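Trainee: Please take me through one part of this model closely. I would like to look at the place where the two chains meet, and at the charged residues there.

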Amino acid sequence: MIGEGFAAVLAAAQQGSEAAFSRLWRDCNPALMRYVRVVAPNVAEDVAAETWLQVVRGLAGFRGDEQAWRAWLFTTARRRAIDYGRHRARRPAGALDDVPPGLMPVTPDAADLAIERIGTRSAVALLAGLPTTQAEVILLRVVAGLDTETVAQLVGRSPGAVRVAAHRGLRRLAEIVAEAGVTL
Amino acid sequence: MTGRDVPDDDMPNFPWLRRRDASETADPSLAAVLAWAQFPESSAPEMQRVGEILAALTAGPADDELAGEAAVLAAYRSRPGVPRPAPRTHRQTRRPLFPLLPAKAAATAAAAVISFGAFATAAYARALPAPVQQLAHVIIGAPTAEGKSATSPYSGNPGATGPNGATGQPAGTSPTGRAHPSPTPHATGRPSTPQDSGQPTTPQGSGQPTTPQGSGTPTPTHKPHPTPHGTGKPTHPPHGNG
């Protein structure tokens, strides 16, 4: 989060300052990548790139504070992820039977991820094992730093439903850790 | 269907039936995790582990998460509706170089046209020195200098003057003043006067080739020109004899 200087950074970026826009990008892109790696794991880089292209196109007309900026960014990413999902649904990939065994994708076991030293990638992989809504709500609350009301508007649910989804997701994470026999 | 006496654990596929929303949102550990508050001492170890997971989600950026900055900045630089400083600066540095060449060429051409125009005007006004006037006569067909036309093979008889001083125009000049390729000893009318073109004129008109010398002797009667040497209109009989 940029904090108090966000308004000045945003204004400079809107007026053409490449350094200011770079600061915005560096502040938000890690969180954006972690979000899209959960909601669109196979096309995360493409979704992130198209998200930033759309943000660049609409940057001059954006008005709002840092919370609104992040809400706009993640709303754009969510819509791009949905578009990619629809596109992939219309054009399904080939059958996995055609893929040689050595090239089969391997999903890391959640328990293994839980007992190892928690890194960012491991945490993202653990979140990806949750139901999509729960994982998305947790990411938007924790990674994007959005409040419950903003997340509710973003995902099209009530604030109460967002709270419930977040707590269910966290409890599921706790269960995964407990099942793995983690002791600190 | 299961009744109220059936434990929730009998429905493993529907776990939400045994976890009410109120109890979930009221869990102090979960609320603390989401609020980034300090974990209570009584927090279960797994909840503390969850806290570590969430902390890892907000850790500093990895290298691959900042890999696409160049592409995004390129898109930022080329976004529509924004002036691009680099090409404009380049154009500004080149602007003084290329537009100067046409300006110089135009100035040179304008000077040449003005000079030639002044030269031609002076030549047709016979304001040039005799050699220069002769040169203008050869080049652009300007009339020769008076009194100096004897040196020209295209000039008429210098003595062919009318009674009022009208002189014979050099033979071989067209009504436009152009040099005629066939020199003739006959004095002809000046192209700028109607006497030369055989139009009815006053007796003061000169240059009528009534004699081989082209004398400007006035005659009371108008005679048609007997020879084809007249430079006036051949269909009209000249009236203005000199």
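**A charged network between two chains**

Mentor: Asp64(B) is partly exposed, because its relative accessibility is 32%. The model is a predicted one, and Asp64(B) is a useful place to enter it. Arg121(A) forms a salt bridge with Asp64(B), and the closest N and O atoms of that pair are 2.3 Å apart. Arg121(A) belongs to helix H6 of chain A, while Asp64(B) sits in the loop between H3 and H4 of chain B, so this pair joins two chains. With a relative accessible area of 57%, Arg121(A) is exposed.

Asp64(B) also forms a salt bridge with Arg37(A), where the closest N and O atoms lie 3.0 Å apart. This pair too joins two chains, because Arg37(A) is in helix H2 of chain A and Asp64(B) is in the loop between helix H3 (45–57) and helix H4 (69–77) of chain B. Arg37(A) counts as buried, at 15% relative accessibility, because the cut-off for buried is under 20%.

Arg37(A) has further partners. One salt bridge links Arg37(A) to Glu65(B), with 3.8 Å between the closest N and O atoms. Another, within chain A, links Arg37(A) to Glu45(A), with the closest N and O atoms 3.7 Å apart. Glu45(A) counts as partly exposed, at 47% relative accessibility. In general, side chains of opposite charge can pair when their charged atoms come close.

Arg121(A) and Asp64(B), the pair described at the start, form a salt bridge. Salt bridges with shared partners join Arg34(A), Arg37(A), Glu45(A), Arg121(A), Asp64(B) and Glu65(B) into one network.

Now the wider interface. There are 6 salt bridges between chain A and chain B, and the structure holds 14 over all chains. Residue pairs in polar contact between the two chains number 14, both residues being at pLDDT 80 or more. On the side of chain A that touches chain B, H9(A) gives the largest share, 12 residues. By class, that side of chain A has 30 nonpolar, 9 polar and 11 charged residues. In contact terms, 50 residues of chain A meet 39 residues of chain B. The two chains bury about 3900 Å² between them, with 66% of it on carbon and sulfur atoms.

Leu127(A) gives a nonpolar view of the two chains. Leaving aside neighbours within four places in sequence, Leu127(A) is in contact with residues including Val38(A) and Leu173(A) in chain A, and Ile53(B) and Leu57(B) in chain B.

Note on methods
Residues are numbered from 1 along each chain as its sequence is written. Chains are lettered from A and ligands numbered from 1 in the order in which they are written. This is a predicted model: local features need pLDDT of at least 70, side-chain atom pairs count only at pLDDT 80 or more; totals for chains, interfaces and linings use all residues. Side-chain values use heavy atoms; hydrogens and water are left out. Contact means heavy atoms within 4.5 Å. Buried area is the accessible area (1.4 Å probe) that two parts lose on being put together, summed over both. A salt bridge is a side-chain nitrogen of Lys or Arg within 4 Å of a carboxyl oxygen of Asp or Glu. A polar contact is a pair of N or O atoms within 3.5 Å; within protein, one must be able to donate a hydrogen and the other to accept it, and residues adjacent in sequence count only if both atoms are side-chain atoms. Helices (H or I, at least four residues) and strands (E, at least two) are DSSP runs, numbered from the N terminus. Ala, Val, Leu, Ile, Met, Phe, Trp, Tyr, Cys and Pro count as nonpolar, Asp, Glu, Lys and Arg as charged, and the others, Gly among them, as polar. Buried means under 20% relative accessible area, exposed over 50%, partly exposed in between (1.4 Å probe, protein chains only).
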